[in-house]
Amino acid sequence: YQLLEEWRDNEESIKSMAASAVINTLKPKLLSEDEQGHLAFLFDAKDWKQISETITLESIRRFIDCYDYWHNALKEV
């Protein structure tokens, strides 16, 4: 969230950086088809290959919230 605040006037840069981070970090090609579908859903895409075209600030925040919940509350990631 701090990065989103610091870059608030550079929405396109945030979207590009976030899409790259998701694809490079989570490696969707290595996920199961169901996991790819869940990832795409978080970013309002029909499949994970469309994430970079459909990503929005709202979907970035939703992903951060989901990740934070799984990582901190459930200790799963």
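**Starting from Q36**

At 17% relative accessibility, Q36 counts as buried, because the cut-off for buried is anything under 20%. Keep in mind as you look around that this is a predicted model. You'll find Q36 in helix α3, and its side chain has something to hold on to: it reaches the backbone oxygen of P28 at 2.7 Å. If you skip residues up to four places away in sequence, Q36 touches P28, K29, L31 and W48.

Now let's step back and take in the whole chain. How many helices and strands does the protein chain have? There are five helices and zero strands, so reading from the N terminus on, the elements simply go α-α-α-α-α. The C-alpha trace spans about 35 × 30 × 20 Å along its principal axes. For 77 residues, a compact globule would have a radius of gyration near 11 Å, and the 12 Å of this chain agrees with that. As for what's tucked away, 26% of the 77 residues count as buried. And if you take the contacts between residues at least 6 apart in sequence, 34% of them join residues at least 24 apart.

Back to α3, then, and to one of the other helices. Helix α3 covers residues 33-42 and helix α5 covers residues 57-73; their axes come within 9 Å and cross at roughly 130°. Are the two oblique or perpendicular to each other? Roughly perpendicular ends at 115 degrees and roughly antiparallel starts over 145, and the crossing is roughly 130°, so α3 and α5 are oblique. On the α3 side, L39, F41 and L42 do the meeting, while α5 brings S59, R62, F63 and C66. Sorted by class, this contact has five nonpolar residues, one polar and one charged.

Let's pick out two of those residues, one from each helix. S59 lies in α5, and with a relative accessible area of 0% S59 is buried. The side chain of S59 reaches the backbone oxygen of T56 at 2.9 Å. Leaving out residues up to four places away in sequence, S59 touches L42, F43 and D44. L42 is a name you've already met, as part of the α3 side of the contact.

F41, in helix α3, tells another story. Is F41 buried or exposed? With 62% relative accessibility, F41 counts as exposed, since the cut-off for exposed is over 50%. Even so, F41 is among the α3 residues that meet α5. If you'd like a distance to check in the viewer, try F41 and F63: they're 22 residues apart along the chain, and their C-alpha atoms are separated by 10.0 Å.

One more helix joins the picture here. L26 lies in helix α2, which runs over residues 11-26. At 31% relative accessibility, L26 counts as partly exposed, because that value falls between the 20% and 50% cut-offs. Which residues does L26 touch, leaving aside its neighbours within four places in sequence? They are A21, L31, L39 and F63. L39 and F63 should ring a bell, as L39 sits on the α3 side and F63 on the α5 side of the contact described above. L26 and L39 are 13 residues apart in sequence, with their C-alpha atoms 9.2 Å apart in space. L31 also turns up twice: L26 is in contact with L31, and Q36, where we began, touches L31 too.

Notes:
Residues numbered from 1 in each chain as written. Predicted model: local features only at pLDDT ≥ 70, side-chain atom pairs only at ≥ 80, totals over all residues. Heavy atoms only, no water. Axes fitted to C-alpha atoms, helices over the stretch in contact; angles between N-to-C directions. Helix = DSSP H or I, 4+ residues; strand = E, 2+ residues; numbered from the N terminus. Parallel < 35°, antiparallel > 145°, perpendicular 65-115°, else oblique. Contact = heavy atoms within 4.5 Å. Nonpolar A, V, L, I, M, F, W, Y, C, P; charged D, E, K, R; others polar. Buried < 20%, exposed > 50% of the residue type's maximum accessible area, 1.4 Å probe, protein only. Polar contact = N/O pair within 3.5 Å; in protein donor to acceptor, adjacent residues only side chain to side chain. Rg over C-alpha atoms; globule rule 2.2 N^0.38 Å.
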